[in-house]
Amino acid sequence: MKTVIVCTSVSHGNTKRVADAMGQVLQARVVAPEQVDMAELATCDLVGFGSGIFMQNVHPQLRQFVQALPTGARRNAFVFTTSGLPALRVRPFTRPLVRLLQQRGFEVRDTFSCRGFDTSFPFRLVGGIKSGRPNGADLVAARTFAEGLRDRIGAAS
């Protein structure tokens with residue numbers, strides 16, 4: 001199963017560590033939006049999209065990248081995020097990106113979120129929150145998530 005993971009990780013590398021853990025399981029390259037080869041992306045069986053959460057949203061760089069993608073044939077995708085604060089059940093951080101991907105022709109198969117070290121304002125005043133996250137347990141959860149995707153999507157291919 002050909003997979004690529006598009007990841008925006010700008011503050012502490014939280015999201016990149018999660019992407020790398022998933023990438024090991026999925027045998028996927030992890031790339032920033034500006035490194036994406038559009039021809040390669042079009043041939044993928046599965047595409048991951050990941051970002052830290054900034055002001056309750058994915059990073060603008062990832063959102064703009066997805067908005068610029070051509071609408072095409074249905075492709076499998078997944079979304080993952082890291083954040084200092086937990087998402088609200090009524091408004092998960094992943095929902096806006098999932099909807100945007102669906103508009104671009106992706107079938108979002110699943111989402112994953114975990115906590116990450118956050119030093120954005122006002123948390124930087126106290127040294128940040130969730131220091132040490134994502135931790136080993138978070139990375140195991142990310143690998144388990146990726147194994148589940150691989151098994152479900154690989155079996156359907």
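How many of the residues of strand 5 are buried? Nine of nine, so the strand is mostly covered under the cut-off of 20% relative accessible area. The legends below concern a predicted model.

**Figure 1. The whole chain, from overall dimensions to element order.**
The protein chain holds five helices and six strands. Read from the N terminus, the order is β-α-β-α-β-β-α-β-α-β-α. The C-alpha atoms fill a box of roughly 45 × 30 × 30 Å along the principal axes. A compact globule of 157 residues would have a radius of gyration near 15 Å, and the chain agrees, because its own value is 15 Å. Of the 157 residues, 46% count as buried. The accessible surface comes to about 7,900 Å². Carbon and sulfur atoms account for 52% of that surface. Among contacts with a separation of 6 or more, 75% link residues 24 or more positions apart.

**Figure 2. Strand 5 and its two covered faces.**
In a regular strand, side chains alternate between the two faces of the sheet. Strand 5 spans residues 75-83. One side carries R75, A77, V79, T81 and S83. The other side carries N76, F78, F80 and T82. Every residue in both sets is buried, so both faces of strand 5 are covered.

**Figure 3. Pairing on either edge of strand 5.**
Which strands pair with strand 5 in the parallel sense? Strand 3 does so over seven bridges. Strand 6 does so over nine bridges. V47 stands opposite A77 in strand 5. A77, in turn, stands opposite V108 in strand 6. F78 stands opposite D110, also in strand 6.

**Figure 4. The crossover from strand 5 to strand 6.**
Strand 5, helix 4 and strand 6 make a β-α-β unit. Its hand is right-handed. Helix 4 covers residues 95-103, and strand 6 covers residues 106-115. The loop between strand 5 and helix 4 holds V90 and T94.

**Figure 5. The largest nonpolar core.**
This core has 23 residues. Those with the most contacts inside it are V6, V47, F49, F65, V66, L97 and L101. Six elements supply at least two residues each: strand 1 (3-8), strand 3 (46-54), helix 3 (60-68), strand 5, helix 4 and strand 6. Helix 4 gives the most, with four residues. Apart from this core lies another, of 20 residues. Among its members are A19, V25, C114 and A146.

**Figure 6. Close-up of V66.**
What does V66 contact beyond its neighbours within four places in sequence? The partners are F49, L97, L100, L101 and R104. Three of these names recur from the previous figure: F49, L97 and L101 are, like V66, among the residues with the most contacts inside the largest core.

**Figure 7. Two residues of one loop, V90 and T94.**
Both residues sit between strand 5 and helix 4. Which of them is buried, and which exposed? V90 has a relative accessible area of 67%, so V90 is exposed. T94 has 7%, so T94 is buried. Leaving out residues up to four places away in sequence, T94 touches V79, T81, T111 and S113. V79 and T81 belong to one side of strand 5. V90 and R115 are 25 residues apart in sequence. Their C-alpha atoms are 18 Å apart in space.

**Figure 8. Q27 and its positive phi.**
Most residues other than glycine have a negative phi. Q27 is not a glycine, yet its phi is positive, about 50°. Where does Q27 lie? Its place is the loop between helix 1 (14-26) and strand 2 (29-31). At 72% relative accessibility, Q27 counts as exposed, because the cut-off is over 50%.

**Figure 9. T43 ahead of strand 3.**
T43 lies in the loop between helix 2 (38-42) and strand 3. Its relative accessible area is 47%, so T43 is partly exposed. T43 and V4 are 39 residues apart along the chain. Their C-alpha atoms are separated by 9.9 Å.

Technical notes
Residues are numbered from 1 along each chain as its sequence is written. This is a predicted model: local features need pLDDT of at least 70, side-chain atom pairs count only at pLDDT 80 or more; totals for chains, interfaces and linings use all residues. Side-chain values use heavy atoms; hydrogens and water are left out. A nonpolar core is a set of buried Ala, Val, Leu, Ile, Met, Phe, Trp, Tyr and Cys residues joined through side-chain atoms within 4.5 Å. Buried means under 20% relative accessible area, exposed over 50%, partly exposed in between (1.4 Å probe, protein chains only). Contact means heavy atoms within 4.5 Å. Two strands pair if DSSP finds at least two bridges between them. A crossover is right-handed if, with the strands pointing away from the viewer, the path from the first strand over the helix to the second runs clockwise. The radius of gyration is taken over C-alpha atoms; the globule rule is 2.2 Å times the number of residues to the power 0.38. Accessible areas come from the Shrake-Rupley method with a 1.4 Å probe; for residues, only the protein chains shown count as cover.
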